[in-house]
Amino acid sequence: MVHRRRVTVAIALAFLATAGCAALSQINLVSEQDELAMGAQFATELEGELEFIEDPFVVAYVDSLGQELARVSKRNHIPYTFHVVDTDDVNAFAVPGGYLYVNRGLIEAADTEAELAGVLGHEIGHVVGKHSARQLSQQYGLQVLAGLALGDDPNMVAELTASIVATGTIMKYSRDMESEADAHGVQELYDVGLDPRGLATFFDKLEAMRGEGGGSSLEMFFSTHPDPGARAADVRARAARLPPKDLRSDSPRFHEVQDRVRAGQGG
Ligand SMILES: [Zn+2]
């Protein structure tokens, strides 16, 4: 009796695993070319909607850190661009095709380079997993996305961009996608010699800040990145499984950049 039940459970699990894989592959049919073209449309639209920090010292630093992480990522054959958005909201996001945005508020909230890199690595992880393209194709269908890529529907690009500006994310990602992005981020940091636990300490800190009534600037991050406590634990567990290696957490340049954005020299 007990034996038979075990067999039933095993079959059910096997079925679930197969169904899960099929579902994922079906919603990931946007071609890379379309994804990049669509991303370029969003990037152009966002340029009109957001204020970017243009201080060359800040821009060059975020770009070099981001490019270093992107280069070791599992999707390093596409171009990546990084922008620093001049807003207090503690958040970062990616749109399809390698366009990444990190807010000034997040650079100010981070304590170390590894924390900032952890978040950048996580966002690159969403690009590696093509998460935003997948979510968009699931929501709107492939034909609509192909039209977007061709520039057929500027109104829809504008609408989606307005929603990115309001909510801090292009589409709500699934828990699995968040976890996959964390895993990519951990590996990228480790590969460039940065301590991947930076992502975990960043989650810890945000949760502590929120506990102290840390203000509305954090709300966006928590609405797009639920359950930071469990995620921090998961990141630490992943980091602990990697072979021991010399890893650094910080750099003087990060703090120079942080001082500059805090002093409002971004302009
Ligand atoms: Zn995420």
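Student: How many Å should the 13 residues of helix 12 span at 1.5 Å a residue, and how far apart are its end C-alpha atoms?
Tutor: This is a predicted model, and helix 12 in it runs over residues 228-240. At 1.5 Å a residue, the expected span of these 13 residues is 18 Å, and this agrees with the separation of the end C-alpha atoms, which is also 18 Å.

Student: Which residues of helix 12 are exposed, on the other side from the buried ones?
Tutor: The buried residues of helix 12 are Pro 228, Arg 231, Ala 232, Val 235 and Arg 238. They lie on the same side of helix 12, because the arc that they cover around the axis is only 125 degrees. On the other side of helix 12, the exposed residues are Gly 229, Ala 230, Ala 237 and Ala 240.

Student: Against which helices do the buried residues of helix 12 pack?
Tutor: The residues in question include Arg 231 and Val 235, both of them buried. The packing partners of the buried residues of helix 12 are helix 9 (175-192) and helix 10 (197-211).

Student: What arc around the axis do the buried residues of helix 2 cover?
Tutor: Helix 2 (residues 32-49) reaches 25 Å from its first C-alpha to its last, close to the 26 Å expected for its 18 residues. Its buried residues are Asp 34, Glu 35, Met 38, Gly 39, Gln 41, Phe 42, Glu 45 and Leu 46. They are placed on the same side of helix 2, because they cover an arc of only 155 degrees.

Student: Which elements do the buried residues of helix 2 pack against?
Tutor: On the other side of helix 2, Gln 33, Glu 47 and Gly 48 are exposed. The buried residues of helix 2, among them Met 38 and Phe 42, pack against strand 2 (92-95), strand 3 (99-103), helix 6 (131-140), helix 7 (142-150) and helix 8 (154-167).

Student: Which strands stand at the edges of the sheet?
Tutor: The sheet is open, with three strands in the order 1-3-2 and mixed pairing. Each edge strand has a single partner strand, so one side of each is left without a neighbour in the sheet, and the strands in that position are strand 1 and strand 2.

Student: Which residue of strand 3 is the bridge partner of His 83?
Tutor: Strand 1 (residues 81-85) is mostly covered, with four of its five residues buried. Strand 1 and strand 3 pair in the parallel sense over five bridges. Along this pairing, Val 84 stands opposite Val 102, whereas the bridge partner of His 83 is Tyr 101.

Student: Which helix gives the most to the largest nonpolar core?
Tutor: The largest nonpolar core has 65 residues, and those with the most contacts inside it are Leu 100, Val 102, Leu 106, Ile 107, Ala 117, Val 119 and Leu 120. The element that gives the most to this core, with eight residues, is helix 5 (residues 113-128).

Student: Which residues does Val 102 touch, not counting residues up to four places away in sequence?
Tutor: Val 102 is one of the residues with the most contacts inside the largest nonpolar core. With residues up to four places away in sequence not counted, Val 102 touches Val 62, Phe 82, Val 84, Ala 92, Ile 107, Val 119 and Leu 120.

Terms used
Residues numbered from 1 in each chain as written. Predicted model: local features only at pLDDT ≥ 70, side-chain atom pairs only at ≥ 80, totals over all residues. Helix = DSSP H or I, 4+ residues; strand = E, 2+ residues; numbered from the N terminus. Expected span 1.5 Å × (residues − 1). Buried ≥ 20, exposed ≤ 12 C-beta atoms within 10 Å, placed from the backbone. Arc of directions from axis to C-beta. Contact = placed C-beta atoms within 7 Å. Pairing = 2+ DSSP bridges. Core = buried A, V, L, I, M, F, W, Y, C linked by C-beta atoms within 7 Å.
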